[in-house]
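I opened this notebook page to look up cysteines and charged side-chain pairs, one after another. The entries below follow the order in which I looked.

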Amino acid sequence: MPNIVSVEKMSKRYGDRILFEDIVFGIEKGEKVALIAQNGTGKTSLLNILAGIESPDTGGVAFNKDYRTGYLPQDPDVAKFHLVSDYIFNDQNPQQHVIKEYELAIEHGDINAIEKATNAVDALNAWDYEVRIKQIITSFQVPGFETEIKTLSGGQKKRLALAALLIDQPDFIILDEPTNHLDLEMIEWLENYLTQQNITVLLVTHDRYFLDRVCNRILEMDQTKLYQYDGDYEYFLEKKNERMFNESRETDKAKNSYRTELEWIRKMPKARGTKSKSRIQAFDAIKEKALRKTGYQELKFDVKMNRIGGKILELKNIQKKYGDKNIIKGFDYTFKRGDKIGIVGKNGVGKSTFLNIITGDEPIDSGKLNKGETIIMGYFKQDNIKLPNDTRVIDAIKNIADIIPTANGGHITASQMLTAFHFPPDRQYTFVSKLSGGEKRRLYLLTLLMHNPNFLILDEPTNDLDLLTLNALEEFLQYFAGCLIIVSHDRYFLDKLVDQLFVFEGDGLISIYNGTYSEYREYTKLKEKEALAAKKNNNNTINVETKAPEKSNKNKLTYKEKFEFETLEKELPQFEKEKQELEEKLNLGSANHEELLQWGQRLEFLIGDIDNKSLRWLELSEK
């Protein structure tokens, strides 16, 4: 396979800091590659260089000119465009141009414009392309084409940029935290899309399920160097630990040699002989190896938690509306010590409003909310990180406390706590304004935990945190004795920490599911499958004798078959609906002869297609 991009001995500095030095790698056509590194070590800088936004200090990047590159940054700049349609559609692409005209005509309801645009789409045979575009913008809940971009939220802008990138179909896609601002169903759709399409991907993500299911290779940047692993995340962790163990042994050996050679250097007069000069040169190499860091200190959260009493928090018949829209409709729950609850649901159904109600930041319309006297809440907000930019990192911590009590009765200093949070001494006197986005979130999380809360609320805490910090945060939260509420699109994070879900179903309905997120998804897929089968039977589309499927490893679906099965489950109801609409139109018979002919041909095609797809669905469902 040809290389799409080749990086040769590339280096980049940020002020006095070396981000990476003399790194070398290539990405072949069809590869799905993840880039892993601690926050602040240059991930975004590397992606910006590959996207042509920044330049390296030394070395270079060579692209295969036969392939086009597309880039989704963490915070895409969409402000220069006026309308959603202006951003999504590339008028230089003839198919996109006619589809844009068609979609705008549909939105305006202009019959003449619809007819003209329909003919143009026909002429370019672009209907399949139009269906694909519709699928992408629907999956990411992109607002109407006439919506002004300046009215969009940050999450809507990110989803708009991602949709436009996929519609453009570049050969090589660079994605910086693509799952941020996506709900769980959107993430699953994107997973399937990236694994099935014949595209090449380089991505930065904190979502370990997403990484495992999409990527087949990992690049790691660590202390200015780059390491490569051909395998999944578990394989990466295994090989990284082996590497760090070997490096630690080499460093220990070098330290012993360093002490011996340092004593010789101090006693040795100015070297005149060849052997002496050679030994002095070798000493410099030993010194560098002996004094190098062999990895960051293991991050341990050990902050003392305030005592929690018997009464925690009671919600009784909570009601909340915005205008005519129900946000919460009659919800009851009494929190117990040690509750670990995940909150899931589509974007815009009221998850953040629910959190604001619990913390008292937003009033309820009716009902009762009773909070225990011993409860101290810590609320990690998604988009409200308040840190003084003109303050040094260590002062931001010392403003809370110089000494922090630990769970075992001891104490640690502010500097020690920062070091444990991967802010080494040389970074502690950096101004907050100079930190990366991920470093700011990590510092904000530290300031929150230092107040010793016993009721933690985390709204999308995993966004922009590096995997090293996430692993340690998970370990702390597993042993956290207070109450924990998590809103997150990170399925791995939810599965590891919560054993109960509040499911926001829309229209103010909140159901409670006892189990992990993965168990909940299996449950909902089973329900969807049963509902689809019942609908098929009611419509007499298929008639089969129901019998329990035999469990057999031999019949287990492959990943490709699983994707095909899930696609059929989505497509069949849509085709049935279209079939019903066409039958109604034909029964009315009010259209002209040409339209009646077109509808009849389409109906004939649909009936055959539904039969074939239904049979295939049955075949896969038996597995």
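Is C215 buried or exposed? I was working from a predicted model, and in it C215 is buried, its relative accessible area being 8%. I then turned to C483, which is also counted as buried, with a relative accessibility of 1%.

Next entry, on disulfides. I kept in mind that a disulfide is a covalent bond joining the sulfur atoms of two cysteines. When I searched the whole structure for such bonds, the result was zero disulfides.

Next entry, on charged pairs. I noted beforehand that side chains carrying opposite charge can pair when their charged atoms come close. How many salt bridges does the rule give? The count I obtained is 27 salt bridges, and I went through some of them individually.

I began with K240 and E220, whose side chains meet in a salt bridge with an N to O distance of 2.4 Å. Because K240 belongs to helix α9 (residues 233-267) while E220 belongs to strand β8 (residues 217-222), this pair ties together parts that lie 20 residues apart in sequence. I also checked how accessible the two partners are: K240 counts as buried at 14% relative accessibility, and E220 is buried with a relative accessible area of 3%. With the cut-off for buried set at under 20% relative accessible area, I could enter K240 as buried at its 14%.

I then looked at K239, which forms a salt bridge with E242, the closest N and O atoms lying 3.6 Å apart. Where do K239 and E242 sit relative to each other in helix α9? They are three residues apart in that helix, so about one helical turn separates K239 from E242. For accessibility I wrote down K239 as partly exposed, with a relative accessible area of 27%, and E242 likewise as partly exposed, at 37% relative accessibility.

The next pair I looked up was D339 with K336, a salt bridge in which the closest N and O atoms are 3.7 Å apart. Here I found that D339 is buried, its relative accessible area being 8%, whereas K336 counts as partly exposed at 45% relative accessibility.

Last entry, on shared partners. Which residues are joined into one network by salt bridges that share partners? I found E191, D207, R213 and R491 joined in this way.

How values were computed
Residues are numbered from 1 along each chain as its sequence is written. This is a predicted model: local features need pLDDT of at least 70, side-chain atom pairs count only at pLDDT 80 or more; totals for chains, interfaces and linings use all residues. Side-chain values use heavy atoms; hydrogens and water are left out. A disulfide is a pair of cysteine sulfur atoms within 2.5 Å. Buried means under 20% relative accessible area, exposed over 50%, partly exposed in between (1.4 Å probe, protein chains only). A salt bridge is a side-chain nitrogen of Lys or Arg within 4 Å of a carboxyl oxygen of Asp or Glu. Helices (H or I, at least four residues) and strands (E, at least two) are DSSP runs, numbered from the N terminus.
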